[in-house]
Amino acid sequence: MNYSVKKIGQILNATTQIDSKIVTGVSFDSRKVKSGDLFVALVAENDGHDYVQQALTKGATAVLVDDRHQIDSKIPAIIVSDTLLALQQLGEYRRHQINPKVVAITGSNGKTTTKDMASAIMGSQYKTFKTPENFNNEIGVPLTLLTMPDDTEVLVVELGMDRPGQLTTLSELVSPDIAIITMIGEAHIEFFKTRENIAKAKLEITKGLKSQGTLLVPYDEPLLTNAQVKQNVQTFGQDIKDINSSSSKTIFTYQNTRFAIPLLGRYNIMNALAAISAGILLHIELKNAAEALQHFDLTKNRTEQLTTSHGVNLISDVYNSNPTAVAAVLATLKIIPAIHKYVVLGDMLELGEQAASLHACLAETVINANVDGVYLVGPLMNKYLYPILQRRFDSAHLHQYETDQLAELIKDLQTLGENGDVILLKASHGIHLENVVNALVK
């Protein structure tokens, strides 16, 4: 990014002042501003306009502000009616100026892992940029567009969703060539009420999908395979052979090519096949895709494999959680070779009226996982799952904690298990089990 204040004003059809300055980056957090940045004063819980001077002190070249706030005439500025909308418009302009092929990914689970896999695959033959961390909302997506390098040939972008209409906005913003829906689960069912409504909202990703673009969906999800969309639809996930899992990787064969991914679980095979299918559409050779997936950068806390100081294997999957995701990861835990296995389950959030039944229904899944100990965290797990599990586990093997008792949980887990044993941690991000993971691997 290398725009003058005047150029940004022209792009946004906005008023400018001291417009000779050059902007080389963008930030909406005044604490993280770097020299050359455009500081975007967003109005949310905190009003970014209150931090304009702090941003300038940190090195901001100019500020993007709205016309309802007074701004000193000596400050380089772009003045608009809505700073969030202007940020999005600027991101959209850059998307079309650089004009990379765009792979957009959404889904109830697996979108970040699929993003990481797709980026590795595309990077084997193209100059590729991906969504940093989980910058997948109305703010994060335009920031992704504005920070991608000038020579980007393929952009792999993650699109999040928690309400109707959100994916329409994001899809139209990035105008994808390929769209992927990883799966339909129960995430955000509090707001959508049914999986059918979730599927309908996920399909909004096609609103900005180019007319000649392709939508990739899992072959075994009729809510997606039977959907009526204007663009080409292809499925992924079928025709896999020779699946074999170890404690550190999953191996499978697809189209006569052997793949070995450093992740556990059949659900991660589905994520890999979504990424591979996108690669095929962009003419990536399967041998290159296989090599790329052997080692790739995985975003933190997505089925991350770690080790404690005394040799216990940790499986950290603590960014989001819903019944489908818990069942999938527990099925994986069941087949991992280990002498002893333990599971830490935190509350699954945003399940609304179905929270009670969906937590209770995990009982059979937990029992079938053949674990040696269960550690439950949060009021929902303790109220709805704990009483059912009491029928199968005694007090020495079933434990419960409130969300403010993570220190006690850490203390109990620090002496749990021996070299080669496994502890799985799974919860919604709001339970903050990442703090437990960090303490265990210090």
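1. Tyr93 is partly exposed in this predicted model. Its relative accessible area is 29%, which falls between the 20% limit for buried and the 50% limit for exposed residues.

2. Tyr93 has an aromatic partner, Tyr3, and the ring centres of the two lie 6.1 Å apart. Because their planes meet at 75 degrees, the pair is edge-to-face; the cut-off for that class is an angle over 60 degrees.

3. The two partners come from distant parts of the chain, 90 residues apart. Tyr3 sits in strand β1 (residues 3-4), while Tyr93 belongs to helix α3 (residues 83-98). Tyr3 counts as buried, at 5% relative accessibility.

4. Tyr375 and Tyr401 form another aromatic pair, and this one is stacked. The distance from centre to centre is 6.4 Å, with 15 degrees between the planes. For reference, rings pair if their centres lie within 6.5 Å, and planes under 30 degrees apart count as stacked.

5. The stacked pair joins two strands: Tyr375 is in β20 (residues 373-377) and Tyr401 in β21 (residues 398-401). The pair therefore ties together parts that are 26 residues apart in sequence. Tyr375 is buried at 6% relative accessibility, and Tyr401 is buried as well, with a relative accessible area of 5%.

6. How many aromatic pairs does a search of the whole structure find? The search gives three. Two of them are described above: Tyr3 with Tyr93, and Tyr375 with Tyr401.

7. As to the overall fold, the protein contains 17 helices and 22 strands. Its radius of gyration is 23 Å, and the globule rule gives 22 Å for 442 residues, so the protein is as compact as a globular protein of that length. The C-alpha trace spans about 70 × 50 × 40 Å along its principal axes.

8. Of the 442 residues, 56% are buried. Tyr3, Tyr375 and Tyr401 are among them. The accessible surface of the protein is about 19,200 Å², and carbon and sulfur atoms account for 46% of that area.

9. Contacts between residues at least 6 apart in sequence were also examined. Within this set, 66% join residues at least 24 apart.

10. On charge, the protein carries 39 positive and 47 negative side chains. The centres of the two sets lie 4 Å apart.

Note on methods
Residues numbered from 1 in each chain as written. Predicted model: local features only at pLDDT ≥ 70, side-chain atom pairs only at ≥ 80, totals over all residues. Heavy atoms only, no water. Helix = DSSP H or I, 4+ residues; strand = E, 2+ residues; numbered from the N terminus. Rg over C-alpha atoms; globule rule 2.2 N^0.38 Å. Buried < 20%, exposed > 50% of the residue type's maximum accessible area, 1.4 Å probe, protein only. Contact = heavy atoms within 4.5 Å. Areas by Shrake-Rupley, 256 points an atom, 1.4 Å probe, with all protein chains shown as cover. Lys, Arg positive; Asp, Glu negative; His and termini not counted. Charge placed at Lys NZ, Arg CZ, Asp CG, Glu CD. Phe/Tyr/Trp six-rings, centres within 6.5 Å; stacked < 30°, edge-to-face > 60°.
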